[in-house]
Amino acid sequence: MEMINAIGRRKASVARVYLTQGTGIMVVNGKSMEEYFPVIHTQFNLVDPMRTVGVEGVYDIKVNVNGGGFKGQAEAVRLAISRALVKIDEENRKPLKEKKYLMRDSRVVERKKYGKPKARKSFQFSKR
């Protein structure tokens, strides 16, 4: 099997994933997955698409991710891994789609408006 690549985005994060046949090693920006994402439920999010399809420990994954915070980066990586698994085998599409791993979450932070302290918050109104 040759190298399969896919891209995933979430908030301000962009993740590029490269899958090759291997032993299940995941490297994120030159570090191991556990070192780059120390929070355990974040690690579970990254591995869950492979667990859903049943190919855990079959592919080596190399990830380049930049922009945003750790949660946005983790969800961008999850989307990219899911897309790569669908490229490998179209049969993987149905279980991943049921868990909504193939849906790009387009919600981003709303910009701050002038005359307001935040995007929608207003200063306290005084009638008198």
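This section describes the sheet, the helices and the core of a predicted model.

The strands are considered before the helices. Strands of a sheet pair through backbone hydrogen bonds, either parallel or antiparallel. In this model, 5 strands form an open sheet with mixed pairing, and their order is β1-β2-β5-β3-β4. Strands β1 (4-10) and β4 (31-32) lie at the edges, each pairing on one side only.

Pairing between β1 and β2 is antiparallel and extends over 7 bridges. The two strands form a hairpin with 2 residues between them. Within the turn, lysine 11 has a positive phi of about 50°. Two bridges illustrate how the strands are matched: arginine 10 has serine 13 in β2 as its bridge partner, and asparagine 5 has tyrosine 18, also in β2. The two faces of β1 can be told apart by their covering. Ile4, Ala6, Gly8 and Arg10 make up the covered face, while Asn5, Ile7 and Arg9 belong to the uncovered one. Asparagine 5, the bridge partner of tyrosine 18, is thus found on the uncovered face of β1, and arginine 10, the partner of serine 13, on the covered face.

Strand β2 (residues 13-21) also pairs with β5, in the antiparallel sense and over 8 bridges. Here arginine 16 has asparagine 64 of β5 as its bridge partner. Helix α3 lies across β1, β2, β3 and β5. The direction of α3 makes an angle of about 145° with β1.

Helix α2 comprises 14 residues (residues 40-53). At 1.5 Å a residue, a helix of this number of residues should span 20 Å, and the end C-alpha atoms of α2 are 20 Å apart, so the expected and computed spans agree. The helix nevertheless contains a kink of about 45° at valine 47, shortly before proline 49. After α2 comes glycine 54, with a positive phi near 90°.

The buried residues of α2 are Thr42, Gln43, Asn45, Leu46, Val47, Asp48, Pro49 and Met50. Both valine 47, at the kink, and proline 49 are therefore among the buried positions, buried meaning under 20% relative accessible area. The elements that cover these residues include β3 (26-28), α1 (33-36), β5 (59-66), α3 (70-88) and α4 (93-98). Threonine 42, in helix α2, has a relative accessibility of 4% and so counts as buried, the limit being under 20%. Leaving aside neighbours within four places in sequence, threonine 42 is in contact with Phe37, Phe70 and Ala74.

The largest nonpolar core has 28 residues. Within this core, the residues with the most contacts are Leu19, Met26, Met50, Ile61, Ile81 and Leu85. At least two core residues come from each of β1, β2, β3, α2, β5 and α3. The most are given by α3, which supplies 8 residues. The surroundings of isoleucine 81 may serve as an example. Apart from neighbours within four places in sequence, isoleucine 81 is in contact with Val17, Met26, Leu46, Pro49, Met50 and Ile61. Among these partners, Leu46, Pro49 and Met50 are buried residues of α2.

Two residues of the loop between α3 and α4 complete the description. Asparagine 92 lies in this loop. Its relative accessible area is 11%, which is under 20%, and asparagine 92 is therefore buried. With neighbours within four places in sequence left aside, asparagine 92 is in contact with Val53, Leu85 and Val86. Aspartate 89 lies in the loop between α3 and α4 as well. At 33% relative accessibility, aspartate 89 falls between the limits of 20% and 50%, and so counts as partly exposed. The C-alpha atom of aspartate 89 is separated by 13 Å from that of proline 49, although the two residues are 40 residues apart along the chain.

Methods: Residues are numbered from 1 along each chain as its sequence is written. This is a predicted model: local features need pLDDT of at least 70, side-chain atom pairs count only at pLDDT 80 or more; totals for chains, interfaces and linings use all residues. Side-chain values use heavy atoms; hydrogens and water are left out. Helices (H or I, at least four residues) and strands (E, at least two) are DSSP runs, numbered from the N terminus. The expected span of a helix is 1.5 Å times one less than its number of residues. The bend at a residue is the angle between axes fitted to the seven residues ending there and the seven starting there. Buried means under 20% relative accessible area, exposed over 50%, partly exposed in between (1.4 Å probe, protein chains only). Contact means heavy atoms within 4.5 Å. Two strands pair if DSSP finds at least two bridges between them. Axes are lines fitted to C-alpha atoms, for helices over the stretch in contact, and angles run from 0 to 180 degrees between N-to-C directions. A nonpolar core is a set of buried Ala, Val, Leu, Ile, Met, Phe, Trp, Tyr and Cys residues joined through side-chain atoms within 4.5 Å.
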